[in-house]
Each structure stands twice: as C-alpha cells, then as structure tokens.
Amino acid sequence: MTNINEEYIEDYIRSIIPTNKDYLVQIEQYAYENHVPIIEPEVAQLIKVLLKNNKPKNILEVGTAIGYSALIMAESADKEARITTIERREDMVDIANENIANSPFKDRIKIIKGDAQDILPQLNETYDFIFLDGAKGQYLEFFKYCSEYLKPGGLIMSDNVLFKGMVATDDLVIRRKKTIVKRLRTFLQYINNIDGYTSCVMPLGDGVALTYKEDK
Ligand SMILES: C[S@@+](CC[C@H](N)C(=O)[O-])C[C@H]1O[C@@H](n2cnc3c(N)ncnc32)[C@H](O)[C@@H]1O
C-alpha cells in the first residue's frame, strides 16, 4: 500500500498484469523475502511499454539494487540496447551481478559500483532513456547531471516521487522524512518548470515522473 491509490485499484491493476518469466519471478521472491525495494509491477509495465515504443539504444539507471529493473529494461529494449546501472552498495552489486549472469542479458548490462554522486560527473556518454531510482533526496542533483547526458527526444523516468503520498500532503509526512519530502517537492517543481523539457507526474506505484527533453 503506497497511499497513492486506493488499495482496490492497486490490487485490481496488479491482478491483470501477466506473470514475468521464471528468472524474474525468482528475483521478485528474493526481494520480497529480503525486503529489497524493487519497482512495483505496474511501474515495470510502464517501463516495458515505454521501451518497446521508444526503442532506446543506450540506457542509464541510478540505483541497481539486485538488478531487477535493469533486467526488466533489458527484456523490453531492442536487442542491441546497452544498459549502464550505478549502485553504491557492494552486497547489492554482488547479487545483481549474479542475477544478471543467470539471465539472457549478461552482455548488455554493465554495473558501475560507486556513489552516483561521484560516478555521474565522470560519465562521457549520451543516453536516450534514464531511470532514476536511487536516494530520493538526491534526485535534483542526479537529474541535473542526467539531463546533460540525455539526448534530445530522450526520457528521464523518476520513481517514488510522491513518496507514499507525503509529497502531496503534509498530513502524511512523518518527521524523519521531512527533508526527503522537501527535496522531492523542490525536484518536482524544478522538472515541471525547466525550459526545454516537458514533465508529467503520475499516481502510479509510489508516484512516477516522466521528463521529455525537447527535440528541436
Ligand atoms: C529502490 S532501490 C533500486 C531498485 C531497482 N531499481 C529495482 O527496481 O530493481 C535503490 C537502490 O539505490 C541505491 N542507491 C541509493 N543512493 C545511491 C547513490 N547515491 N548512488 C548509487 N546507488 C544508490 C541503494 O543502495 C539501493 O540499492
């Protein structure tokens, strides 16, 4: 329950989503048992639709965890698409590497171990799809780097932007999350008003923002 949609809506949407392939179901099970946060099923479906439609060739992700969303992206993107994903926790990187090695996509996903704050300034490629799913309080900082690396016509997708509804109303804010909520509000204001970009915020999963870089 994310406080974003009524539970019956979420349950219904999830009930009509087809089951993923076995190797992904095993990762979902591991994530559930070990409390590893991975993208919600409806967010995974959105990623699949976007990648099948947009056909990005070079994808960047911030926040690999155990490699689940990277594998969802690999499965939906074109055969020649490459995915670079950044993760700062060594234990997560080890599990992600194992999951990727056991998948059909080991040659297409590269994990960079390190803090995105240090890694992002060093990248020297351009990307046509970027998925932000790392520390929520750092989204604005990450976005500023990522928007530089995003090709015109490309998309940045940011997950958990409504943060269990707290971003939309003070009534839900818990004290120790105040700073993250404040930063997410600043982030959403920024991406909705920056010249050359068009954004939308969707009440899907824990809140998803999509930002399109104008192709003029
Ligand atoms: C929500 S999980 C990612 C889930 C993953 N995208 C998926 O759906 O399968 C967030 C991950 O981002 C990592 N992370 C958070 N802040 C980071 C940073 N500044 N640099 C690199 N990784 C970060 C965390 O260690 C955690 O594993």
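Visitor: How far is the sulfur of Cys200 from the closest cysteine sulfur?
Guide: A word on the basis: this is a predicted model, in which local features need pLDDT of at least 70, side-chain atom pairs count only at pLDDT 80 or more, and totals for chains, interfaces and linings use all residues. Residues are numbered from 1 along each chain as its sequence is written, and side-chain values use heavy atoms, leaving out hydrogens and water. The closest cysteine sulfur to that of Cys200 belongs to Cys146, and it is too far for a bond, at 17 Å.

Visitor: How many disulfides does that leave?
Guide: A disulfide is a pair of cysteine sulfur atoms within 2.5 Å. Cys146 is in no disulfide, since the nearest cysteine sulfur, in Cys200, is 17 Å away. By this rule the count is zero.

Visitor: Is Cys146 buried or exposed?
Guide: The classes use relative accessible area: buried is under 20%, exposed over 50%, partly exposed in between (1.4 Å probe, protein chains only). Cys200, at 33%, counts as partly exposed. Cys146 has 0% relative accessibility, so this residue counts as buried.

Visitor: Let's turn to the ligand. Which residues are closest to the ligand?
Guide: The shell takes in residues with a heavy atom within 4 Å of the ligand. In this model 21 residues surround the ligand. The closest are Gly63, Ser69, Glu87, Ala116 and Asp133.

Visitor: Which residue puts a polar side-chain atom 2.6 Å from an oxygen atom of the ligand?
Guide: Backbone atoms approach the ligand too: a polar one of Ile39 is 2.9 Å from a ligand oxygen, and a polar one of Arg88 is 3.2 Å from a ligand nitrogen. The polar side-chain atom 2.6 Å from a ligand oxygen belongs to Glu87.

Visitor: What share of the ligand's exposed area does the protein bury?
Guide: Taken alone, the ligand exposes 610 Å² (Shrake-Rupley method, 1.4 Å probe). Of that area, the protein buries 92%.

Visitor: Which elements give two or more residues to the shell around the ligand?
Guide: The protein has eight helices and seven strands (DSSP runs of H or I, at least four residues, and of E, at least two). Those that give two or more residues to the ligand shell are α4 (68-76) and β2 (82-87).

Visitor: How much of the protein is made up of buried residues?
Guide: The C-alpha trace spans about 45 × 40 × 35 Å along its principal axes. Of the 216 residues in the protein, the buried ones make up 50%.

Definitions and conventions
A polar contact is a pair of N or O atoms within 3.5 Å; within protein, one must be able to donate a hydrogen and the other to accept it, and residues adjacent in sequence count only if both atoms are side-chain atoms.
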